[in-house]
Amino acid sequence: MEIIRASYGGFNVRLLQPSALTFSKTSLPTCHSPFRRVPATSHSISSLKPTFPCRKPTVCALLDDNDPDSTADVANAADLSFVVKRAFEISPDLKGTCIFLVGINSSIKSNLGKLLADELKYYYFDSDSVVEDAVGGKEAATSFIQSDKEGFQDTETEVLRQLSSMGRLVVSAGNAAVRNATNLALIRHGISIWIKVPLQFVAREVVDDKFQLPASQVPISGSYSEVLAQLTAAYEETQDGYATADATVSLQKVASQLGYDDIESVSTEELCLEVMKEIGKLMRKKKMMEEAARPF
């Protein structure tokens with residue numbers, strides 16, 4: 001079976017097509033859910049060479065130091081230092097737990113995943129990109145779907161299986177992550193967060209060629225109204241799966257909390273802070289559960 005080599009966010013990964021991925025020379029801990037017991041696996045990573053994106057200091061979210069879960073007090077703007085601070089606060093409790101970002105694909109989710117990985121000193125993967133390279137690229141993936149859709153979906157499941165067995169990853173997960181019970185169970189090995197982006201925004205990105213949809217969604221095309229209708233149909237098939245995530249972060253809600261009239265005014269840093277706030281809540285919930293289970 002042909003071996004394809006690809007690189008993601010500093011990883012040199014050896015991918016077997018069509019449905020098996022292999023990694024060697026373990027450098028990261030196994031990914032464990034903070035809320036569920038997960039059996040150990042034998043998968044590992046090869047040629048780990050971490051790289052992190054360059055940071056661009058920009059004005060970002062609003063944070064109340066007296067309440068770690070607040071994005072309030074819109075009078076006080078915070079810059080990237082607040083993201084760094086929050087990452088420092090939640091990292092010890094995370095203990096390398098993987099984070100899966102689910103929801104409709106968009107540049108917002110991709111940029112968020114990269115920044116979150118950067119600040120937590122994690123590694124970033126886009127599961128759709130991994131799948132596409134595993135089968136020979138986007139065109140090959142499109143042909144694969146047309147000739148053997150079930151086989152392609154098996155590859156998507158295998159990619160999720162491999163990623164969910166690792167640690168210290170932020171994974172931007174495609175629709176495959178919520179397509180069936182098997183895949184949902186895999187992403188529950190870590191923390192899953194639904195990044196809720198208005199479909200109108202995604203449709204505009206697609207029509208204006210500002211965002212390339214993965215091969216599994218390539219048939220979505222046409223005018224703005226046509227793309228929006230197709231995205232809506234796809235969303236209706238997957239929203240129940242998205243809703244099973246451990247937490248939800250709505251771009252529209254964050255914009256409202258920050259006093260913005262336009263969702264595009266929300267920066268990646270501001271959205272990242274909201275995600276970290278939700279992760280912090282989940283970590284505190286975990287601690288409470290652990291303390292309640294201790295014998296007196």
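Here are some short exercises on the structure above, each with a worked solution.

Keep in mind that this is a predicted model, where local features need pLDDT of at least 70, side-chain atom pairs count only at pLDDT 80 or more, and totals for chains, interfaces and linings use all residues. Residues are numbered from 1 along each chain as its sequence is written, and side-chain values use heavy atoms, with hydrogens and water left out.

**Exercise 1. Work out how many helices and strands the chain has, and what percentage of its residues count as buried.**

Step 1: Go through the DSSP runs, numbered from the N terminus (helices are H or I, at least four residues; strands are E, at least two). You get 10 helices and 10 strands.

Step 2: Apply the burial cut-offs: buried is under 20% relative accessible area, exposed is over 50%, and partly exposed is in between (1.4 Å probe, protein chains only). Of the 296 residues, 52% come out as buried.

Step 3: Now take contacts (heavy atoms within 4.5 Å). Among those between residues at least 6 apart in sequence, 71% join residues at least 24 apart.

**Exercise 2. Find the largest nonpolar core and look at what Ile 99 touches.**

Step 1: Build the core from buried Ala, Val, Leu, Ile, Met, Phe, Trp, Tyr and Cys residues joined through side-chain atoms within 4.5 Å. The largest one has 78 residues, and Ile 99 is among those with the most contacts inside it, as are Leu 94 and Ile 279. Helix 10 (residues 268-293) gives the largest share of this core, 8 residues.

Step 2: Leave out residues up to four places away in sequence, and list the partners of Ile 99: Leu 94, Leu 116, Leu 120, Tyr 122, Leu 169, Val 170, Val 171, Ile 191 and Ile 279.

**Exercise 3. Sort Lys 95, Arg 168 and Gln 200 into buried, partly exposed or exposed.**

Step 1: Lys 95 sits in the loop between helix 1 (80-94) and strand 6 (99-102). Lys 95 is exposed because its relative accessibility is 65%. Its phi is near 55°, a positive value in a residue other than glycine.

Step 2: Arg 168 is in the loop between helix 5 and strand 8 (169-172). At 26% relative accessibility, Arg 168 is partly exposed. The phi of Arg 168 is also near 55°.

Step 3: Gln 200 belongs to helix 7 (residues 199-207). With 45% relative accessibility, Gln 200 is partly exposed. Leaving out residues up to four places away in sequence, Gln 200 touches Tyr 224 and Leu 228.

**Exercise 4. Search for disulfides, then check Cys 98 and Cys 272: buried or exposed?**

Step 1: Look for pairs of cysteine sulfur atoms within 2.5 Å, which is what counts as a disulfide. The whole structure has 0 disulfides.

Step 2: Cys 98 is buried, at 0% relative accessible area. Cys 272 is buried too, at 0% relative accessibility.

**Exercise 5. Find what lines the largest cavity.**

Step 1: Set a 1 Å grid over the protein atoms alone; a cavity is a set of points where a 1.4 Å probe fits but cannot get out, and lining residues have an atom within 4 Å of a point. The structure holds 1 cavity of 30 Å³ or more.

Step 2: The largest cavity has about 60 Å³ of space, the volume being what probe spheres set on the points fill, with points joined across faces, edges and corners. Its lining includes Ser 127, Asp 128, Glu 156 and Ala 177. Helix 3 (127-134) and helix 5 are the elements that give two or more residues to this lining.

How values were computed:
1 Å grid on protein atoms, 1.4 Å probe; cavity = no way out; pocket = protein on both sides within 12 Å on 5 of 7 lines; lining within 4 Å.
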